[in-house]
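Visitor: I would like a close look at one part of this model, the place where protein and DNA meet. Please then put that part in its surroundings.

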Amino acid sequence: MPELPEVEFAATVARRIARGRTITSVRVLHRSQRRSLPARDAKSLVGDRILDVRRRGKSQRFALASGRELHVHFRMTGDWLAPGPGAIPRTVRAIITFDDGTSLALDDPRALSVLTLHNEPAGDDGIGPDALDPALRAVELGGRLATRRIPIKVALLDQRIVAGIGNIYACEALWRARIDPRIPASRVKPTTLPALLRAIRATLNAALKRQQRYYGSSEDWSDASRFAVYDREGEPCRRCRTRIKRITQAARSTYFCPKCQS
DNA sequence: CGCGACCTGCAT
DNA sequence: ATGCAGGTCGCG
């Protein structure tokens, strides 16, 4: 599920349910989540009130009336569920219940999500500027890439350089900008940086809109047809019909068009 | 830097 | 049975 657009959308769901509400119980159902949010912390949340939910990169931060902050990171497969009456899916790993009877459930088949409680609001903690932050300019992005010799695709995945881009949209954005994912980050020409940033934002914004449009519908998220290159190895490039290639970079699959991305 | 670990479900 | 997955950390 979650790269920046999905997390952005999830944060709006969480905000709608939780903002202004007081927590009446926090149940952590899986040992993996219990490790990051021990029973003591979960218990201490009861009685606290949620002031707001913000997203930064791929993490969500719940600002609490006590001054503390609950961080939620979905990792690979987390998502929020607003459970109605009835059985709770077995992939639900934690449930936060509020004073009005509503609740927010962390649904995560792989149970890799991380919940952490902080006494102080975290600063930037090393995370780079958010990819959708309008204050981020091409020049700054260029500056952050200039010193890196790693491939541009790997650099885009590094949250310290720019926050919010994951494997799918890194591939998609590079295709859009016609940049070879293998070239060193420092070699991206200054003149193509604005195009890269535009491609990143267009890709993320399109995904966010799709997310909003299809929320609650039965569209299959894994349907690859909406990607230009991701998961389309061997299929024709939408621009030039060349076969999409798949390579491995930093132990992740990279998909690209060997002809128009060079 | 690359790679295993963290977890589970799904496709092959 | 095997291998792979939208993320991140910590190890060598």
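Of the atoms of DNA strand B within 4 Å of the protein, what percentage belongs to sugar or phosphate, and what do the rest belong to?

Guide: The figure is 77% for sugar or phosphate, and the rest belong to bases. This is a predicted model, in which local features need pLDDT of at least 70 and side-chain atom pairs pLDDT 80 or more, while totals for chains, interfaces and linings use all residues. Residues are numbered from 1 along each chain as written, chains are lettered from A and ligands numbered from 1 in the order written, and side-chain values use heavy atoms without hydrogens or water.

The residues around DNA strand B (a heavy atom within 4 Å of it) are His30, Ser32, Arg35, Arg90, Arg93, Pro109, Arg110, Leu112, Ile150 and Ala250. By class, this surface has four nonpolar, two polar and four charged residues. Here Ala, Val, Leu, Ile, Met, Phe, Trp, Tyr, Cys and Pro are nonpolar, Asp, Glu, Lys and Arg charged, and the others, Gly among them, polar.

Two side chains have a polar atom by a phosphate oxygen of DNA strand B: for His30 the distance is 2.9 Å, and for Arg90 it is 3.3 Å. Arg110 is placed by a base: an N or O atom in its side chain is 2.8 Å from a base oxygen of DNA strand B. These are polar contacts (N or O pairs within 3.5 Å; within protein, one atom must be able to donate a hydrogen and the other to accept it, and residues adjacent in sequence count only through two side-chain atoms).

Ser32 and Arg35, also around the DNA, bring us to helix H2, residues 31-36, which includes Ser36. Helices (H or I, at least four residues) and strands (E, at least two) are DSSP runs numbered from the N terminus. The side chain of Ser36 comes to 3.2 Å from the backbone oxygen of Gln33, and one of its polar atoms is 2.9 Å from the backbone oxygen of Leu115. Leaving out residues up to four places away in sequence, Ser36 touches Val114, Leu115 and Thr116 (contact being heavy atoms within 4.5 Å).

Strand E8 (114-118) is an edge strand, as is E2 (50-56), each pairing on one side only. Their open sheet has four strands in the order E2-E3-E4-E8, with antiparallel pairing (at least two DSSP bridges between strands). From one strand to the next the twist averages 20° (angles run from 0 to 180 degrees between N-to-C directions of axes fitted to C-alpha atoms, for helices over the stretch in contact). E3 (residues 59-64) and E4 (residues 69-73) are joined by five bridges, and Ala63 has Glu69 in E4 as its bridge partner.

Arg90 and Arg93, both around the DNA, lead to E6, residues 92-98, which runs antiparallel to E1 and is joined to it by five bridges. Ser25 stands opposite Thr97 in E6. The order of this open, antiparallel sheet of four strands is E1-E6-E7-E5. E1 (23-28) and E5 (79-81) each have a single partner strand, so one side of each lacks a neighbour in the sheet.

Helix H1 (residues 4-18) has contacts in both sheets: it lies across E5, E6 and E7 (103-107), at about 35° to E5, and across E2 and E3, at about 175° to E2.

Elsewhere, the axes of H4 (residues 138-146) and H7 (residues 193-214) come within 9 Å and cross at roughly 100°; the two helices are therefore roughly perpendicular (65 to 115 degrees). Their contact has seven nonpolar, one polar and no charged residues.

How values were computed: Angles under 35 degrees count as roughly parallel, over 145 as roughly antiparallel, 65 to 115 as roughly perpendicular and the rest as oblique.
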